[in-house]
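Trainee: I have a structure open and some questions about it. Can we go through it together?
Mentor: Go ahead, put it up.

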Amino acid sequence: QVQLVESGGGLVQAGGSLRLSCAASGRTDSIYAMGWFRQAPGKEREFVYAITWSGGRTYYADSVKGRFTISRDNAKNTVYLQMNSLKPEDTAVYYCAARKGGGYYDFSSRSNYDYWGQGTQVNVSS
(Lines give C-alpha, C1' and ligand atoms only; values in the text may rest on other atoms or scores of the structure.)
Protein backbone atom coordinates (compact mmCIF):
# COMPACT_ATOMS: atom_id res chain seq x y z
CA GLN A 1 0.00 0.00 0.00
CA VAL A 2 1.17 3.51 -0.84
CA GLN A 3 -0.23 6.76 0.49
CA LEU A 4 0.22 10.03 -1.39
CA VAL A 5 -0.29 13.54 0.00
CA GLU A 6 -0.15 16.63 -2.19
CA SER A 7 0.57 20.15 -0.97
CA GLY A 8 1.56 23.56 -2.30
CA GLY A 9 -1.58 24.60 -4.12
CA GLY A 10 -3.06 28.06 -3.84
CA LEU A 11 -4.12 31.21 -5.63
CA VAL A 12 -1.68 32.99 -7.93
CA GLN A 13 -1.86 35.64 -10.62
CA ALA A 14 -1.28 34.79 -14.27
CA GLY A 15 2.44 34.66 -14.97
CA GLY A 16 3.26 33.59 -11.44
CA SER A 17 4.74 30.37 -10.11
CA LEU A 18 3.88 27.57 -7.71
CA ARG A 19 5.65 24.42 -6.60
CA LEU A 20 3.55 21.40 -5.77
CA SER A 21 4.83 18.58 -3.59
CA CYS A 22 3.72 14.98 -3.30
CA ALA A 23 4.98 12.96 -0.36
CA ALA A 24 4.71 9.17 -0.53
CA SER A 25 4.59 6.81 2.41
CA GLY A 26 4.02 3.11 2.99
CA ARG A 27 5.46 0.66 0.47
CA THR A 28 7.50 3.33 -1.31
CA ASP A 29 10.04 0.71 -2.38
CA SER A 30 7.46 -0.64 -4.82
CA ILE A 31 7.02 2.64 -6.73
CA TYR A 32 8.16 2.56 -10.35
CA ALA A 33 6.91 5.96 -11.48
CA MET A 34 5.01 8.96 -10.22
CA GLY A 35 2.94 11.42 -12.17
CA TRP A 36 0.79 14.51 -12.00
CA PHE A 37 -2.71 14.84 -13.41
CA ARG A 38 -5.14 17.72 -13.23
CA GLN A 39 -8.87 18.14 -13.51
CA ALA A 40 -10.65 21.40 -14.25
CA PRO A 41 -14.38 21.91 -13.61
CA GLY A 42 -16.46 20.10 -16.20
CA LYS A 43 -13.46 18.44 -17.82
CA GLU A 44 -11.81 15.04 -17.75
CA ARG A 45 -8.74 14.42 -15.66
CA GLU A 46 -5.72 15.00 -17.89
CA PHE A 47 -2.09 14.02 -17.79
CA VAL A 48 0.49 16.69 -16.92
CA TYR A 49 3.87 15.15 -16.11
CA ALA A 50 5.47 11.88 -15.03
CA ILE A 51 8.86 10.66 -13.86
CA THR A 52 10.33 7.21 -13.26
CA TRP A 53 11.60 6.75 -9.73
CA SER A 54 14.96 5.13 -10.40
CA GLY A 55 15.99 6.38 -13.83
CA GLY A 56 14.47 9.84 -13.66
CA ARG A 57 13.02 9.70 -17.17
CA THR A 58 10.32 12.30 -17.69
CA TYR A 59 7.21 12.58 -19.83
CA TYR A 60 5.02 15.63 -20.24
CA ALA A 61 1.97 17.04 -21.93
CA ASP A 62 2.46 19.52 -24.76
CA SER A 63 0.33 22.06 -22.91
CA VAL A 64 2.96 22.50 -20.18
CA LYS A 65 6.15 22.20 -22.23
CA GLY A 66 8.66 24.89 -21.32
CA ARG A 67 6.61 26.01 -18.32
CA PHE A 68 6.40 23.08 -15.90
CA THR A 69 9.19 20.86 -14.61
CA ILE A 70 8.99 17.65 -12.61
CA SER A 71 11.67 16.49 -10.17
CA ARG A 72 12.12 13.95 -7.42
CA ASP A 73 13.87 13.47 -4.10
CA ASN A 74 14.12 9.73 -3.58
CA ALA A 75 15.51 10.10 -0.05
CA LYS A 76 12.43 12.07 0.98
CA ASN A 77 10.04 9.96 -1.11
CA THR A 78 8.78 13.17 -2.65
CA VAL A 79 8.07 14.38 -6.17
CA TYR A 80 7.71 18.04 -7.11
CA LEU A 81 5.99 19.92 -9.88
CA GLN A 82 7.45 23.37 -10.50
CA MET A 83 4.92 25.47 -12.37
CA ASN A 84 6.05 28.71 -13.99
CA SER A 85 4.34 31.18 -16.32
CA LEU A 86 0.98 30.05 -15.04
CA LYS A 87 -2.11 30.70 -17.13
CA PRO A 88 -5.78 30.84 -16.13
CA GLU A 89 -6.32 27.60 -18.05
CA ASP A 90 -3.95 25.88 -15.60
CA THR A 91 -6.63 26.27 -12.93
CA ALA A 92 -7.55 22.79 -11.71
CA VAL A 93 -7.27 20.28 -8.93
CA TYR A 94 -3.86 18.67 -9.26
CA TYR A 95 -3.49 15.01 -8.34
CA CYS A 96 -0.39 12.99 -7.63
CA ALA A 97 -0.34 9.36 -8.77
CA ALA A 98 2.01 6.40 -8.43
CA ARG A 99 2.51 3.19 -10.38
CA LYS A 100 4.08 0.10 -8.85
CA GLY A 101 4.53 -1.96 -12.01
CA GLY A 102 7.54 -1.54 -14.25
CA GLY A 103 8.16 -1.90 -17.95
CA TYR A 104 6.59 -0.04 -20.82
CA TYR A 105 3.18 1.54 -20.43
CA ASP A 106 1.24 4.67 -21.38
CA PHE A 107 2.34 7.23 -18.80
CA SER A 108 -0.48 9.57 -19.82
CA SER A 109 -3.29 7.14 -19.01
CA ARG A 110 -4.76 7.39 -15.52
CA SER A 111 -5.82 3.76 -15.72
CA ASN A 112 -2.15 2.74 -15.51
CA TYR A 113 -1.63 4.18 -12.03
CA ASP A 114 -2.27 2.30 -8.81
CA TYR A 115 -2.37 5.00 -6.14
CA TRP A 116 -3.74 8.54 -5.98
CA GLY A 117 -3.51 11.48 -3.62
CA GLN A 118 -6.42 13.62 -2.49
CA GLY A 119 -5.56 16.52 -4.77
CA THR A 120 -4.56 20.13 -4.23
CA GLN A 121 -6.35 23.14 -5.70
CA VAL A 122 -4.53 25.55 -8.00
CA ASN A 123 -6.28 28.77 -8.98
CA VAL A 124 -4.73 31.14 -11.51
CA SER A 125 -6.39 34.53 -11.83
CA SER A 126 -6.26 36.75 -14.89
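Trainee: Ser54 first. Is Ser54 buried or exposed?
Mentor: Ser54 counts as exposed, because its relative accessibility is 66%. Keep in mind that this is a predicted model.

Trainee: Where is Ser54 found?
Mentor: In the loop between β5 (46-52) and β6 (58-60).

Trainee: And how far apart are Ser54 and Tyr105 in space?
Mentor: Their C-alpha atoms are 16 Å apart, with the two positions 51 residues apart in sequence numbering. Tyr105 belongs to a core, but let's leave the cores for later.

Trainee: OK, overall layout. How many helices and strands does the protein have?
Mentor: Zero helices and eleven strands. The radius of gyration is 14 Å, close to the 14 Å that the globule rule gives for 126 residues, so the protein is as compact as a globular protein of that length.

Trainee: What does the C-alpha trace span along its principal axes?
Mentor: About 40 × 25 × 25 Å.

Trainee: What share of the residues is buried?
Mentor: Buried residues are 43% of the 126. As for the surface, the protein exposes about 6,400 Å², and carbon and sulfur atoms supply 44% of that area.

Trainee: What about contacts over long stretches of sequence?
Mentor: Take the contacts between residues at least 6 apart in sequence: 57% of them join residues at least 24 apart.

Trainee: And charges, how many positive and negative side chains?
Mentor: There are 14 positive and 10 negative ones, and the centres of the two sets lie 3 Å apart.

Trainee: Back to the cores, then. Which residues have the most contacts inside the largest nonpolar core?
Mentor: Met34, Trp36 and Tyr94, in a core of 28 residues. The elements that give two or more residues to this core are β1 (2-7), β3 (18-26), β4 (33-39), β5, β7, β8, β9 and β11 (120-125).

Trainee: Why would nonpolar side chains group like that?
Mentor: I can only give the general tendency: in soluble globular proteins, nonpolar side chains tend to be buried together.

Trainee: What does Tyr94 contact?
Mentor: Leaving out neighbours within four places in sequence, the contacts of Tyr94 include Trp36, Phe37, Val48, Phe68, Leu81, Met83 and Val122. Glu6, Arg38 and Thr120 are also among them.

Trainee: You put off the core with Tyr105. Which residues does that second core include?
Mentor: Phe37, Ala50, Tyr105 and Phe107 are among its nine residues, and this core is separate from the one before. Phe37 is also one of the contacts of Tyr94.

Trainee: Next, Asp90. Buried or exposed?
Mentor: Asp90 counts as buried, because its relative accessibility is 0%. Asp90 is in the loop between β8 (78-83) and β9 (92-99).

Trainee: Which residues does Asp90 touch?
Mentor: Not counting residues up to four places away in sequence, Asp90 touches Arg38, Arg67, Phe68, Ser85, Val122 and Val124.

Trainee: Ser85 is on that list. What is its phi?
Mentor: Positive, about 50°, although Ser85 is not a glycine. Ser85 lies in the loop between β8 and β9, and at 40% relative accessibility it counts as partly exposed.

Trainee: Which residue has a phi near 55°?
Mentor: Asn77, again a positive value in a residue other than glycine. Asn77 sits in the loop between β7 (68-73) and β8. Its relative accessible area is 22%, so Asn77 is partly exposed, given that buried means under 20%.

Trainee: Now Arg110. Where is that, and what does it touch?
Mentor: Arg110 is in the loop between β9 and β10 (115-116). With residues up to four places away in sequence not counted, Arg110 touches Phe37, Glu44, Arg45 and Trp116. Arg110 is partly exposed, with a relative accessible area of 40%.

Trainee: And Arg110 to Val12, how far?
Mentor: 27 Å between the C-alpha atoms, with the two residues 98 apart along the chain.

Trainee: Last one: the loop between β6 and β7. Is Gly66 buried or exposed there?
Mentor: Gly66 counts as exposed, at 78% relative accessibility. Ser63 is in the loop between β6 and β7 as well, and Ser63 counts as partly exposed at 39%.

Methods. Residues are numbered from 1 along each chain as its sequence is written. This is a predicted model: local features need pLDDT of at least 70, side-chain atom pairs count only at pLDDT 80 or more; totals for chains, interfaces and linings use all residues. Side-chain values use heavy atoms; hydrogens and water are left out. Helices (H or I, at least four residues) and strands (E, at least two) are DSSP runs, numbered from the N terminus. Buried means under 20% relative accessible area, exposed over 50%, partly exposed in between (1.4 Å probe, protein chains only). Contact means heavy atoms within 4.5 Å. The radius of gyration is taken over C-alpha atoms; the globule rule is 2.2 Å times the number of residues to the power 0.38. Accessible areas come from the Shrake-Rupley method with a 1.4 Å probe; for residues, only the protein chains shown count as cover. Lys and Arg count as positive and Asp and Glu as negative; His and the chain ends are not counted. The place of a charge is taken as NZ of Lys, CZ of Arg, CG of Asp or CD of Glu. A nonpolar core is a set of buried Ala, Val, Leu, Ile, Met, Phe, Trp, Tyr and Cys residues joined through side-chain atoms within 4.5 Å.
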